[in-house]
Amino acid sequence: MEQLKAFWENVMAYVGQMTASQVMLLFGITAGSIVGIVFMVGWLSSVTYSRLYSNLNEEASGEIITYLNDNKIPFTISQGGHAIDVPSDKVYQTRISLASEGLPNAGYLGYSIFDQNQLGMTDFLQNLNFRRALEGELTRTIIQLDEVSAARVHLVMPKDRLFKKDQNQTTASVILKLKGSSGLTGMQINGITHLVASSVEGLTPDKITIVDYNGNLLSSGQQHDPLAGLSSSQLQVRKNVEQYLEDKAESMLATVLGAGKAVVRITVDLNFQQVERTVETYDPNTPSIRSEEKTRATNSSVDKQEEAAENEEESSTETTITNYELNKTVEHIVNAVGTVDRLSIAVMIDGIYTPAEEEGGEPIYQPRGQEELDRLSSIVRNAVGFDQQRSDQIEMFNISFDHGSLQVDQTALDSMYMREFIMEIAQKVGTVLLFVFLFFFVKKRVKKFFEVLGKFTIPSQPLTVASTASAQASPIRQAPEVQPIVAEKREPTLIDQMQETAKGEPEEIAKVIKTIMVD
């Protein structure tokens, strides 16, 4: 205890001899060391958690939490109860154990409902379980999409009727909870629609309704209107064809004239009429005998007037019937859908610019010659499949393009890029300078601290007689000599002047004292 007290007194004496900056640096190093030790101890003793399951509903989360509590597995809950974390070294083991228990079922039974004992169950309950299983399997499949966080599927499967006219159609409704606010694309919605329709017997895409959690209708209304859906498809096909032909023409002109020197716009009239024709053609020049029938009759008559002479006359008749068949050709013709009926092409080409004679002046515009325009027009015709018999039209104009706005945008982009480049360089240089400044500042402080620490000697305890004697006997172990303390110089006061006078002239001081005593 005395040694600890002496050590503490020595430390306080050492701290008392330090300057304010040295004391602050000492306390900073001590506090940093303590915080670092605490952090390291906490980090070594802490448990790292990893995600076990996410996007769980309340029912599935409750079942998993009950299982974890029963098996004494530590866990944490996040995302408002929709995500559960367990220690990293127990993630896969816990998942396998939960899977063996049929968890998480997320409230969607699926076909696992038939794993239970079905003895004594009526047909009604069997059909009900089949519908529940089908709804659960469809829900599990839909929530696998990245944009869908939760889903519910409802199926209406009417009973089979004796007559087809009395049979009601199967319908379905799907409600989706989407991630974020981006929503689903038309292709994704159509994919979900056809997925559900292909999974349920007797269900067609137009009998499926898809909504989100806000009640917004996601399934396109065009599915319920075949004519509207067909018009939308036709418009999309037309846009694709026009874009394809425009890209072909512009790419060729850009190779010849340069980028941004030509603009091509094409309007395509497509024929979407589907016509089926059946043609029967007969060839009268090449008849063929189909059948021939010949009939021959013989008649016998007796002349009554010459009955006695018994003259007998005989007559015979032959009839021939011939059926001819003409050659016939039957053709069933179905016209192609989406054929091109007409092309309307508009091309704008920029002219030629020559540098201005004066520095800083605007370039001089020169239009292109008609011969060059004709050659370019011929190139565009061949590129897009121009056909004069379809009454296709093409118009090509040589117009001066307005590059003022383009130059302004380029200047703004260049200045923005330059500012970002300068800011990035400034941040890097500032970071480097800050680290250099901190390095030299800390180095200077640490160096000064160790210099002071090297000069400091902890005062020893008072020596006893025995220790003094041993110190005299052993000069090597003598303590270093203590330098004399020099008093600071200060200005003489009135008392100092009186002391000097008393030393030099004591008689005068005695007279003054006698006078004071008499008074």
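Q: A salt bridge is a side-chain nitrogen of Lys or Arg within 4 Å of a carboxyl oxygen of Asp or Glu; with which residue does the side chain of Arg 375 meet in one?
A: The model is predicted. In it, the N to O distance for the salt bridge of Arg 375 is 3.6 Å, which falls within the 4 Å limit. The partner lies in helix α8 (residues 370–384) together with Arg 375, four residues apart, about one turn of the helix. That partner is Glu 371.

Q: Is Glu 371 buried or exposed?
A: Its partner Arg 375 has 48% relative accessibility and counts as partly exposed. Glu 371 has a relative accessible area of 60%. The limit for the upper class is over 50%, so Glu 371 is exposed.

Q: Which residues do salt bridges that share partners join into one network?
A: By the rule used, the count of salt bridges comes to 11. Some of them share partners and join into one network Arg 238, Glu 242 and Asp 269.

Q: Which residue forms a salt bridge with Glu 135?
A: The closest N and O atoms of this pair are 3.9 Å apart. Both residues lie in helix α5, four residues apart, about one turn of the helix. Glu 135 is buried, with a relative accessible area of 16%, whereas the partner counts as partly exposed at 31%. The partner is Arg 131.

Q: In the salt bridge of Glu 372 and Arg 368, does Arg 368 count as buried or exposed?
A: The two side chains meet at 2.9 Å, N to O. Glu 372 is at 22% relative accessibility and counts as partly exposed. Arg 368 is at 14%, and the limit is under 20%, so Arg 368 counts as buried.

Q: Which are the edge strands of the open sheet with the order β4-β5-β6?
A: This sheet has three strands and mixed pairing. An edge strand pairs on one side only, which here holds for β4 (148–156) and β6 (208–212).

Q: What is the average twist from one strand to the next in the β4-β5-β6 sheet?
A: β4 and β5 (residues 171–178) run antiparallel and are joined by eight bridges. β5 and β6 pair in the parallel sense over five bridges. From one strand to the next, the twist averages 15°.

Q: Which residue in β5 stands opposite Val 156, and which residue in β6 is the bridge partner of Ala 172?
A: The first pair belongs to β4 and β5, which run antiparallel; there Val 156 stands opposite Thr 171. The second pair belongs to β5 and β6, which pair in the parallel sense. There the bridge partner of Ala 172 is Ile 208.

Q: Which helix packs on this sheet touching β5 and β6?
A: Helix α5 (residues 123–142) touches β4 and β5, with its direction at about 155° to that of β4. The helix in contact with β5 and β6 has a direction that makes about 135° with that of β6. With these two strands it makes a right-handed β-α-β unit. This helix spans residues 186–199 and is α6.

Q: Which residues of β6 point to one face and are buried?
A: Side chains alternate along β6. Thr 209 and Val 211 point to the other face and are not buried. The buried residues are Ile 208, Ile 210 and Asp 212.

Q: How are neighbouring strands of the β1-β3-β2 sheet turned against each other on average?
A: This open sheet has three strands with antiparallel pairing. Its edge strands are β1 (49–53) and β2 (76–78). With direction ignored, neighbouring strands are turned on average by 40°.

Q: Which residue in β3 stands opposite Ser 78?
A: β2 and β3 (residues 83–87) pair in the antiparallel sense over three bridges. The residue in β3 that stands opposite Ser 78 is Ala 83.

Q: Which helix packs on this sheet touching β1, β2 and β3?
A: Helix α4 (residues 91–100) touches β1 and β3, and its direction makes about 20° with that of β1. The helix that touches β1, β2 and β3 covers residues 58–70, and its direction makes about 20° with that of β3. This helix is α3.

Q: What share of the residues in the protein is buried?
A: The protein has 12 helices and 13 strands. It exposes about 39700 Å², of which carbon and sulfur atoms supply 56%. Of its 519 residues, the buried share is 18%.

Technical notes. Residues are numbered from 1 along each chain as its sequence is written. This is a predicted model: local features need pLDDT of at least 70, side-chain atom pairs count only at pLDDT 80 or more; totals for chains, interfaces and linings use all residues. Side-chain values use heavy atoms; hydrogens and water are left out. Two strands pair if DSSP finds at least two bridges between them. Axes are lines fitted to C-alpha atoms, for helices over the stretch in contact, and angles run from 0 to 180 degrees between N-to-C directions. Contact means heavy atoms within 4.5 Å. Buried means under 20% relative accessible area, exposed over 50%, partly exposed in between (1.4 Å probe, protein chains only). A crossover is right-handed if, with the strands pointing away from the viewer, the path from the first strand over the helix to the second runs clockwise. Accessible areas come from the Shrake-Rupley method with a 1.4 Å probe; for residues, only the protein chains shown count as cover.
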